[in-house]
Amino acid sequence: MTWFQRLYETYENVLDNPLFADEENTLTPIGHTSQQVHIIVRIDGKGHFRGAEFIGKQSVILPATEDSAGRTSGRVAHPLIDQIKYCAKDYPDYSEEEGYFGLYEKTLSGWVQSPHSHPMAEAVYAYICKGTLVSDLVREKLLYLNREGKLATVAEEGQDIPVFKVLTPKKVNGISQRDQGNLMIAWQVEIPGENESRTWTSEALQKSWTAYDASQMSKKGLCMVSGLEMFLANQHPRNIRRPGDGAKLISANDEKRIHIPGAFR
(Lines give C-alpha, C1' and ligand atoms only; values in the text may rest on other atoms or scores of the structure.)
Protein backbone atom coordinates (compact mmCIF):
# COMPACT_ATOMS: atom_id res chain seq x y z
CA MET A 1 0.00 0.00 0.00
CA THR A 2 1.41 3.41 -1.02
CA TRP A 3 1.69 6.42 1.27
CA PHE A 4 -0.91 8.13 -0.92
CA GLN A 5 -3.40 5.39 -0.07
CA ARG A 6 -2.53 5.77 3.61
CA LEU A 7 -3.19 9.51 3.41
CA TYR A 8 -6.54 8.90 1.73
CA GLU A 9 -7.62 6.33 4.32
CA THR A 10 -6.46 8.54 7.19
CA TYR A 11 -8.49 11.47 5.85
CA GLU A 12 -11.62 9.33 5.48
CA ASN A 13 -11.22 7.88 8.99
CA VAL A 14 -10.59 11.24 10.66
CA LEU A 15 -13.27 13.16 8.73
CA ASP A 16 -16.17 12.09 10.96
CA ASN A 17 -14.15 11.52 14.12
CA PRO A 18 -15.54 13.69 16.99
CA LEU A 19 -11.99 14.18 18.29
CA PHE A 20 -11.36 16.38 15.26
CA ALA A 21 -14.67 18.24 15.29
CA ASP A 22 -13.45 21.44 16.97
CA GLU A 23 -12.34 24.51 15.02
CA GLU A 24 -8.66 24.07 15.87
CA ASN A 25 -8.37 20.51 14.54
CA THR A 26 -11.00 20.29 11.81
CA LEU A 27 -10.05 18.91 8.41
CA THR A 28 -10.63 20.96 5.30
CA PRO A 29 -13.64 19.46 3.47
CA ILE A 30 -13.48 18.58 -0.21
CA GLY A 31 -14.04 21.67 -2.35
CA HIS A 32 -12.75 24.05 0.33
CA THR A 33 -9.55 25.87 1.20
CA SER A 34 -8.19 27.98 4.07
CA GLN A 35 -7.59 31.70 4.04
CA GLN A 36 -7.05 34.57 6.45
CA VAL A 37 -10.01 36.95 6.69
CA HIS A 38 -10.02 40.49 8.05
CA ILE A 39 -13.61 41.72 8.28
CA ILE A 40 -16.78 39.91 9.33
CA VAL A 41 -20.00 41.27 7.84
CA ARG A 42 -23.25 40.41 9.63
CA ILE A 43 -26.50 40.17 7.67
CA ASP A 44 -29.90 38.65 8.35
CA GLY A 45 -31.55 35.81 6.45
CA LYS A 46 -33.00 38.20 3.88
CA GLY A 47 -29.72 39.92 3.10
CA HIS A 48 -30.19 43.04 5.22
CA PHE A 49 -27.00 44.58 6.62
CA ARG A 50 -26.71 44.37 10.42
CA GLY A 51 -23.12 45.37 11.13
CA ALA A 52 -19.46 44.58 10.58
CA GLU A 53 -16.28 44.10 12.58
CA PHE A 54 -12.57 44.32 11.83
CA ILE A 55 -10.93 41.23 13.38
CA GLY A 56 -7.30 41.61 12.30
CA LYS A 57 -6.34 38.22 10.86
CA GLN A 58 -8.24 34.99 11.40
CA SER A 59 -7.80 31.74 9.48
CA VAL A 60 -11.07 30.25 8.23
CA ILE A 61 -12.23 27.47 5.92
CA LEU A 62 -14.10 28.70 2.86
CA PRO A 63 -15.75 27.19 -0.21
CA ALA A 64 -13.55 27.18 -3.31
CA THR A 65 -13.70 26.05 -6.90
CA GLU A 66 -10.88 23.99 -8.33
CA ASP A 67 -9.59 27.11 -10.08
CA SER A 68 -9.94 29.49 -7.12
CA ALA A 69 -8.30 27.05 -4.69
CA GLY A 70 -5.12 27.29 -6.75
CA ARG A 71 -5.30 30.96 -7.73
CA THR A 72 -2.27 33.18 -7.35
CA SER A 73 -2.60 36.42 -9.29
CA GLY A 74 -5.30 35.18 -11.66
CA ARG A 75 -8.79 36.64 -11.72
CA VAL A 76 -10.81 33.74 -10.30
CA ALA A 77 -13.49 34.21 -7.65
CA HIS A 78 -14.15 32.16 -4.55
CA PRO A 79 -17.90 31.48 -4.35
CA LEU A 80 -18.64 33.06 -0.94
CA ILE A 81 -15.78 34.45 1.18
CA ASP A 82 -13.43 36.65 -0.82
CA GLN A 83 -11.72 40.03 -1.13
CA ILE A 84 -13.69 43.28 -1.21
CA LYS A 85 -12.71 43.85 -4.84
CA TYR A 86 -14.58 40.63 -5.67
CA CYS A 87 -17.56 40.90 -3.28
CA ALA A 88 -18.40 44.60 -3.65
CA LYS A 89 -20.54 45.71 -6.57
CA ASP A 90 -19.85 49.33 -5.61
CA TYR A 91 -16.06 48.86 -5.46
CA PRO A 92 -15.49 50.73 -8.78
CA ASP A 93 -17.27 53.78 -7.28
CA TYR A 94 -14.54 54.01 -4.66
CA SER A 95 -11.49 52.88 -6.62
CA GLU A 96 -9.58 53.53 -9.81
CA GLU A 97 -9.92 49.80 -10.53
CA GLU A 98 -13.00 48.00 -11.83
CA GLY A 99 -12.75 45.03 -9.47
CA TYR A 100 -14.02 41.53 -10.19
CA PHE A 101 -17.61 41.56 -8.95
CA GLY A 102 -18.92 40.02 -12.17
CA LEU A 103 -16.82 36.90 -11.62
CA TYR A 104 -17.90 36.63 -7.99
CA GLU A 105 -21.60 37.18 -8.73
CA LYS A 106 -21.57 34.58 -11.50
CA THR A 107 -19.97 31.95 -9.26
CA LEU A 108 -22.28 32.59 -6.30
CA SER A 109 -25.44 32.86 -8.44
CA GLY A 110 -24.75 29.46 -10.00
CA TRP A 111 -24.71 27.93 -6.54
CA VAL A 112 -27.83 29.66 -5.16
CA GLN A 113 -29.85 28.90 -8.29
CA SER A 114 -29.03 25.19 -8.11
CA PRO A 115 -30.81 22.37 -6.24
CA HIS A 116 -27.85 22.41 -3.83
CA SER A 117 -28.42 25.96 -2.60
CA HIS A 118 -28.31 26.96 1.06
CA PRO A 119 -30.20 29.78 2.91
CA MET A 120 -26.92 31.37 4.08
CA ALA A 121 -25.58 31.57 0.52
CA GLU A 122 -28.92 32.97 -0.67
CA ALA A 123 -28.80 35.69 1.99
CA VAL A 124 -25.27 36.69 0.98
CA TYR A 125 -26.31 36.79 -2.67
CA ALA A 126 -29.32 38.99 -1.85
CA TYR A 127 -27.04 41.40 0.02
CA ILE A 128 -24.19 41.66 -2.50
CA CYS A 129 -26.65 42.35 -5.34
CA LYS A 130 -27.69 45.56 -3.54
CA GLY A 131 -24.22 46.95 -4.23
CA THR A 132 -23.67 48.64 -0.86
CA LEU A 133 -20.79 46.68 0.69
CA VAL A 134 -18.11 49.37 0.44
CA SER A 135 -20.48 52.18 1.45
CA ASP A 136 -21.71 50.12 4.42
CA LEU A 137 -18.14 49.48 5.58
CA VAL A 138 -17.23 53.13 5.15
CA ARG A 139 -20.24 54.10 7.27
CA GLU A 140 -19.11 51.58 9.91
CA LYS A 141 -15.68 53.29 9.87
CA LEU A 142 -13.89 50.11 8.82
CA LEU A 143 -12.86 51.39 5.39
CA TYR A 144 -11.39 54.86 4.90
CA LEU A 145 -11.72 57.31 2.02
CA ASN A 146 -9.30 59.97 0.87
CA ARG A 147 -10.22 63.58 0.05
CA GLU A 148 -11.34 62.54 -3.44
CA GLY A 149 -13.87 60.09 -2.02
CA LYS A 150 -11.87 57.03 -3.08
CA LEU A 151 -10.54 54.27 -0.86
CA ALA A 152 -7.39 55.63 0.77
CA THR A 153 -4.11 53.96 -0.13
CA VAL A 154 -1.95 56.17 2.09
CA ALA A 155 -2.74 57.47 5.57
CA GLU A 156 -2.61 61.22 6.01
CA GLU A 157 -0.29 62.67 8.64
CA GLY A 158 -1.55 61.70 12.08
CA GLN A 159 -4.29 59.45 10.66
CA ASP A 160 -4.68 55.92 12.02
CA ILE A 161 -6.19 53.39 9.60
CA PRO A 162 -6.43 50.06 11.50
CA VAL A 163 -6.97 47.87 8.40
CA PHE A 164 -3.63 49.05 6.99
CA LYS A 165 -1.94 46.87 9.61
CA VAL A 166 -3.02 43.67 7.82
CA LEU A 167 -2.38 44.85 4.25
CA THR A 168 0.92 44.36 2.47
CA PRO A 169 2.33 47.66 1.16
CA LYS A 170 3.24 48.04 -2.49
CA LYS A 171 5.59 50.67 -3.85
CA VAL A 172 3.96 52.98 -6.40
CA ASN A 173 6.16 55.81 -7.69
CA GLY A 174 8.34 55.33 -4.62
CA ILE A 175 5.40 55.61 -2.20
CA SER A 176 4.20 52.68 -0.09
CA GLN A 177 0.50 52.18 -0.76
CA ARG A 178 -2.06 49.71 0.59
CA ASP A 179 -5.13 48.47 -1.28
CA GLN A 180 -8.20 48.17 0.95
CA GLY A 181 -9.83 46.17 -1.84
CA ASN A 182 -7.57 43.27 -0.84
CA LEU A 183 -9.25 42.88 2.55
CA MET A 184 -10.95 39.48 2.91
CA ILE A 185 -14.64 39.46 3.86
CA ALA A 186 -16.33 36.65 5.80
CA TRP A 187 -20.09 36.45 6.24
CA GLN A 188 -22.13 35.88 9.37
CA VAL A 189 -25.79 35.19 8.52
CA GLU A 190 -28.20 35.52 11.42
CA ILE A 191 -31.32 33.42 10.77
CA PRO A 192 -33.95 32.90 13.50
CA GLY A 193 -33.86 29.34 14.82
CA GLU A 194 -30.36 28.66 13.48
CA ASN A 195 -27.68 28.20 16.15
CA GLU A 196 -24.71 28.69 13.79
CA SER A 197 -24.46 32.01 11.98
CA ARG A 198 -20.81 31.79 10.89
CA THR A 199 -20.61 30.65 7.28
CA TRP A 200 -17.06 29.37 7.74
CA THR A 201 -18.05 26.83 10.41
CA SER A 202 -21.49 25.74 9.12
CA GLU A 203 -21.28 22.05 8.26
CA ALA A 204 -24.59 22.22 6.37
CA LEU A 205 -23.27 25.06 4.21
CA GLN A 206 -20.03 23.18 3.53
CA LYS A 207 -21.93 20.06 2.44
CA SER A 208 -24.17 22.22 0.26
CA TRP A 209 -21.19 23.71 -1.60
CA THR A 210 -19.40 20.35 -1.91
CA ALA A 211 -22.51 18.84 -3.53
CA TYR A 212 -22.87 21.76 -5.96
CA ASP A 213 -19.17 21.77 -6.82
CA ALA A 214 -19.28 18.03 -7.58
CA SER A 215 -22.31 18.56 -9.81
CA GLN A 216 -20.24 20.91 -11.99
CA MET A 217 -17.56 18.32 -12.69
CA SER A 218 -17.81 16.05 -15.73
CA LYS A 219 -14.45 14.37 -16.36
CA LYS A 220 -14.24 10.93 -14.76
CA GLY A 221 -11.43 8.40 -14.68
CA LEU A 222 -9.64 5.85 -12.56
CA CYS A 223 -8.31 7.29 -9.30
CA MET A 224 -4.84 5.81 -8.77
CA VAL A 225 -5.18 6.24 -5.00
CA SER A 226 -8.61 4.76 -4.22
CA GLY A 227 -8.84 2.47 -7.23
CA LEU A 228 -12.35 3.81 -7.95
CA GLU A 229 -13.78 5.68 -10.91
CA MET A 230 -14.13 9.25 -9.69
CA PHE A 231 -14.19 12.84 -10.91
CA LEU A 232 -10.68 13.92 -11.85
CA ALA A 233 -8.98 17.14 -10.78
CA ASN A 234 -7.09 19.19 -13.36
CA GLN A 235 -4.96 21.03 -10.80
CA HIS A 236 -3.91 20.86 -7.18
CA PRO A 237 -4.82 23.51 -4.58
CA ARG A 238 -2.58 25.90 -2.66
CA ASN A 239 -2.59 26.36 1.14
CA ILE A 240 -1.91 22.70 1.95
CA ARG A 241 0.19 23.67 4.98
CA ARG A 242 -1.20 27.08 5.99
CA PRO A 243 -3.20 30.01 4.55
CA GLY A 244 -1.18 31.93 1.98
CA ASP A 245 1.13 29.00 1.31
CA GLY A 246 1.91 28.70 -2.40
CA ALA A 247 3.32 25.17 -2.32
CA LYS A 248 1.31 22.35 -3.87
CA LEU A 249 1.37 18.65 -3.04
CA ILE A 250 2.60 17.49 -6.45
CA SER A 251 4.93 19.26 -8.88
CA ALA A 252 3.84 19.81 -12.47
CA ASN A 253 4.66 21.66 -15.65
CA ASP A 254 2.00 23.76 -17.33
CA GLU A 255 1.45 24.05 -21.09
CA LYS A 256 4.25 26.61 -21.34
CA ARG A 257 6.62 24.24 -19.50
CA ILE A 258 6.76 26.47 -16.45
CA HIS A 259 7.72 24.37 -13.45
CA ILE A 260 5.30 24.50 -10.53
CA PRO A 261 7.08 23.28 -7.36
CA GLY A 262 5.36 20.86 -5.03
CA ALA A 263 6.23 18.70 -2.06
CA PHE A 264 6.78 15.70 -4.35
CA ARG A 265 7.83 15.23 -8.01
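**Entry 1: Arg147 and its partner**

I started with Arg147, which counts as exposed at 73% relative accessibility. I am working from a predicted model, so I keep that in mind for every value here. Next I asked which side chain Arg147 meets in a salt bridge. I found Glu156, with a distance of 3.2 Å from N to O. Is Glu156 buried, partly exposed or exposed? I read 36% relative accessibility for Glu156, which makes it partly exposed. Opposite charges are the background to this: such side chains can pair when their charged atoms come close.

**Entry 2: The other salt bridges**

I then searched the whole structure and noted eight salt bridges. One of them joins the side chains of Glu190 and Arg42, at 3.3 Å from N to O. Why does this pair tie together parts that are far from each other in sequence? Glu190 belongs to strand 6 (residues 184-190) and Arg42 to strand 1 (residues 32-44), so the bridge links parts that are 148 residues apart in sequence. I also looked up how open Arg42 is, and its 28% relative accessibility puts it in the partly exposed class.

My next pair was Glu203 and Lys207, whose closest N and O atoms are 3.1 Å apart in a salt bridge. Where do these two sit? I found both in helix 7 (residues 203-215), four residues apart, which means about one helical turn separates them. Glu203 is partly exposed, with a relative accessible area of 49%. Lys207 is exposed, at 55%. The cut-off matters for this pair, because exposed means over 50%.

I also noted a network: salt bridges with shared partners join Arg42, Arg50 and Glu190.

**Entry 3: Two positive phi angles**

I looked at backbone angles next. Most residues other than glycine have a negative phi, so I wrote down two residues with a positive one.

Lys141 is not a glycine, yet its phi is near 65°. I traced Lys141 to the loop between helix 6 (133-139) and strand 4 (170-172). It is exposed, with a relative accessible area of 62%.

Asn173 is my second case, with a positive phi of about 55°. Which elements does its loop connect? I saw that the loop runs between strand 4 and strand 5 (175-177). Is Asn173 buried or exposed? I found it exposed, with a relative accessible area of 76%.

**Entry 4: A nonpolar patch**

I went over the surface and asked which residues make a nonpolar patch of about 250 Å². The residues are Tyr8, Leu228 and Met230. I followed Leu228 further and placed it in the loop between strand 7 (220-222) and strand 8 (229-231). Leu228 has a relative accessible area of 48%, so it is partly exposed.

**Entry 5: The whole protein**

I ended with the overall picture. How many helices and strands are there? I counted seven helices and 12 strands. The protein has 265 residues, and 38% of them are buried. I noted an exposed area of about 15,300 Å², with carbon and sulfur atoms supplying 49% of it. For contacts with a separation of 6 or more, I found that 54% are between residues 24 or more positions apart.

Definitions and conventions. Residues numbered from 1 in each chain as written. Predicted model: local features only at pLDDT ≥ 70, side-chain atom pairs only at ≥ 80, totals over all residues. Heavy atoms only, no water. Buried < 20%, exposed > 50% of the residue type's maximum accessible area, 1.4 Å probe, protein only. Patch = residues over 30% accessible without salt bridge, like charges linked within 9 Å, V, L, I, M, F, W, Y side chains within 5 Å. Areas by Shrake-Rupley, 256 points an atom, 1.4 Å probe, with all protein chains shown as cover. Salt bridge = Lys/Arg side-chain N within 4 Å of Asp/Glu carboxyl O. Contact = heavy atoms within 4.5 Å.
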